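The following exercises concern cavities, a pocket and a helix pair. Please work through each task before reading its solution.

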Amino acid sequence: MILDKQTAQKTAELLLQINAIKLQPQNPFTWASGWRSPIYCDNRITLSYPMIRNYLREQLAKQLEAVYGKPDCIAGVATGAIGIGALVADYLNLPFCYVRPEAKKHGRQNKIEGYVVENQNVVVVEDLISTGKSSLMAVEALKEANLNVKGMVAIFSYGFSVSEKNFLDADVTLNTLSNYENLLEQAEKSSYINAKEAKLLSKWHKDPENWDPQLATQK
């Protein structure tokens, strides 16, 4: 869910400015899921730009409080959302923890790093939502530790139907600063992409799992 169109457009604009969004239809990326994609989003680069990271932390913090109220703790999803999650927690003056995709093989073998207490209210911070699988694994880990997960906020979501279904099935509320629709709108407006590329990106978004880069770039 997007709360504010202006914030969504501004967030997309900032991500495009620093090349956190990359477009390569001729040399598509391969995601961890195995999907081929003409576009790649790396929001970790935002941490290198103080003005932008401050904007994102403030907007995430405001959206988080508006939707869920002030929780007892903020949880970032490793590794991409550790930085932005810690910034949001600092802005709200709240404790912070982060969740690994799997428990460490050594030491204390933690899956959740940081001090948490059973029955605490927690909001999860993510940098990016694609299928939602890794994000929801973090939620499950927090629930297994008897924490009350109020929901999740993220910088950006691709808005795939599969992710919407995954969050619905898991009964987890997701709110994001921006999404794919606003990104394409802003990218075309700023001439980052042309009409042909916008059409290609829209077509890929409808069926990313079966997208064929060879067929897509032949015309």
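**Exercise 1.** Which elements each supply at least two residues of the lining of the largest cavity?

*Solution.* The model is predicted, and local features need pLDDT of at least 70, side-chain atom pairs count only at pLDDT 80 or more, and totals for chains, interfaces and linings use all residues. Residues are numbered from 1 along each chain as its sequence is written, and side-chain values use heavy atoms, with hydrogens and water left out.

Step 1. On a 1 Å grid over the protein atoms alone, a cavity is a set of points where a 1.4 Å probe fits but cannot get out, a pocket is an open set with protein on both sides within 12 Å along at least five of seven lines, and lining residues have an atom within 4 Å of a point.

Step 2. The lining of the largest cavity consists of Leu 16, Ile 21, Lys 22, Leu 23, Ile 39, Leu 183, Leu 184, Ala 187, Tyr 192, Ile 193 and Leu 201.

Step 3. Elements are DSSP runs numbered from the N terminus: helices (H or I, at least four residues) and strands (E, at least two). The elements sought are β1 (21-23) and α6.

**Exercise 2.** State the volume of the largest cavity and the classes of its lining residues.

*Solution.* Step 1. A volume is the space filled by probe spheres set on the points, which are joined across faces, edges and corners; for the largest cavity it is about 50 Å³.

Step 2. With Ala, Val, Leu, Ile, Met, Phe, Trp, Tyr, Cys and Pro as nonpolar, Asp, Glu, Lys and Arg as charged, and the others, Gly among them, as polar, the lining has ten nonpolar, no polar and one charged residue.

**Exercise 3.** Describe how α1 packs with α6.

*Solution.* Step 1. The axes (lines fitted to C-alpha atoms over the stretch in contact, with angles from 0 to 180 degrees between N-to-C directions) of α1 (residues 5-17) and α6 (residues 180-189) come within 9 Å and cross at roughly 60°.

Step 2. That angle makes α1 oblique to α6; under 35 degrees counts as roughly parallel, over 145 as roughly antiparallel, 65 to 115 as roughly perpendicular and the rest as oblique.

Step 3. Contact means heavy atoms within 4.5 Å; among the α1 residues that meet α6 are Ala 8, Ala 12 and Leu 16. By class, this contact has five nonpolar, three polar and four charged residues.

**Exercise 4.** Which element gives the most to the lining of the largest pocket?

*Solution.* The largest pocket has a volume of about 830 Å³. Its lining comprises 31 residues, and α4 gives the most, with five residues.
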